[in-house]
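Visitor: Before us is a model that I should like to examine term by term. Please justify each description as we reach it.

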Amino acid sequence: MKPFTDGDFIKECIMVVIDSLCPVKRSAFDSVSLSPRTVCRRIEEMSDRVNDSLKTCCSNFDAFSLALDESTDMKDTAQLAIFISGVTAALQVYEEFLQLVPLHGTTTGQDLRRMLQCVKQHSLDLSRLVCVTTDSAPAMTGKKKGAASLLVRHCEAAGHTQPSHKVHCIIHQESLCSKSANLTDVMPVVVKVVNSILSRSLNHRQFQALTDEVNAHYGDLLYFCEVRWLSHGAMLSRVCDLQQEIATFLRQKNLPGADHFSSLQWLARLALLTDITPHLNDLNVKLQGKNFLVTDMYSHITVFEVKLRLWDAQLAAGQFMHFPRIAACAPDDVDLNTCVGVVTSLREEFASRFTGVRPLAPGFKLFTSPFDFPVDEAPAPLQMELVELQCNDEMKAKYRTASPLSFFRDLVLPSNKFPNYIEHVKRIVAMFGSTYCCEQLFSKIKYTKSRIRSQLSDRHLNDILLLSTSSIDPDNFSMANSTNHPTNLHVS
């Protein structure tokens, strides 16, 4: 991730250490080249080795899924990130960065078909494709010309009979659902007030002095950033804790918003929003992470929907045990209709989304709860094997102490009695539930191709990201002992 020119500086540091520790070896280390061109060449060689190993790994996948997401770098070049999640015959799951495809022109679904070239380069068998997971951009999800739709239709045209699913990133959908909880007369006012205090240096200093004077628990406010989903809850919580100091400051400075922070009814609505947001943030955090099975992600969504139904009933009855800030408000200041309305809008929003994974829920349950699944509701090819599995008391006892994946991998697979069921499990565990890995990669792109390193070529950007992201070892030892450039790398 560092500039190629850092090699010269590192060599200078190494030579200083060598002069102190083993000066007799100075000539050997002095022959090691760490020039920018040498560093560049070694990165290319390591990337090629990792890419070759990745192709071999991909050829062993019995089922795989792709995660696609597109963003722009600091030179306004659109970059399509492609990740693969594959499962082998031994039920080993791998999640790897496949390629970064630069799009120098338009970014329509037709342009994104360049991912097919990536598929061919890595010798992927599209008959084993399980799903394509993307964000909500029209170029990705369009029914006719979206990249995911074009890829699925390409598989159908090639005669592949196994269904390939299109999945919208679960984390992104959860974030979109969360926006329905924003009370229109609360959030805009809060953001405006916070910005009026923090964006003006004099106001900011005076507010900090006020919090110090009254020994407030917190000494400052927090900004809210739309693209940083979790900042929503932190900012609201801080505003709620400092509401008295904010009201005093707004009155002293005669700033807009003072009337709102003096209204008990408005502060009750602020408390409602502040209580709900941590629950949404907690769900968002649970959905994040690499190597996260789609079944676990969908389980978190269904659990939250049950919570919403519970809160809906409790708030309608005036019960606030899960909303401590509202409970602290006077009953006359709390509008129950508003409370129920916010939760109801969240319920409706959650119910209208996740359409890509809801039809797959029965298949998920076959994987997560095989001993509780009704046999007559299972697909016909799995019914006989499901009966055999459910009647096996030894398997049932061991299932209670193992995760679903380890149960099928370590106990069911070695028995060789459930081939159809194992194929179903492979398709489930190979699925991407989100584009979290792509978003992580874009953060690395921002750091790697920065303002002072903007001329980095597409090839070298891809190589650096592959080496920094992949779990595959480039085998530096064998490369150091190769005969390609012995004077540059090998030190006896």
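Visitor: How do you know that the span of helix α13 agrees with its number of residues?

Guide: Helices are DSSP runs of H or I of at least four residues, numbered from the N terminus, as strands are for E with at least two. The expected span is 1.5 Å times one less than the number of residues. For the 24 residues of α13 (residues 264-287) that gives 34 Å, and the end C-alpha atoms are 36 Å apart, which agrees. Gly-289, with a positive phi near 130 degrees, follows α13.

This is a predicted model, in which local features need pLDDT of at least 70 and side-chain atom pairs count only at pLDDT 80 or more, while totals for chains, interfaces and linings use all residues. Residues are numbered from 1 along each chain as its sequence is written, and side-chain values use heavy atoms, with hydrogens and water left out.

Visitor: Why are α10 and α11 called roughly perpendicular?

Guide: Axes are lines fitted to C-alpha atoms, for helices over the stretch in contact, with angles from 0 to 180 degrees between N-to-C directions. Angles under 35 degrees count as roughly parallel, over 145 as roughly antiparallel, 65 to 115 as roughly perpendicular and the rest as oblique. The axes of α10 (residues 231-241) and α11 (residues 243-253) cross at roughly 70 degrees and come within 4 Å; the helices are therefore roughly perpendicular.

Visitor: What makes the pair of Phe-207 and Phe-249 edge-to-face?

Guide: Rings of Phe, Tyr and Trp (its six-membered ring) pair if their centres lie within 6.5 Å; planes under 30 degrees apart are stacked, over 60 edge-to-face, the rest tilted. By this rule there are 15 aromatic pairs. Here the centres are 5.6 Å apart and the planes at 80 degrees, so the pair is edge-to-face.
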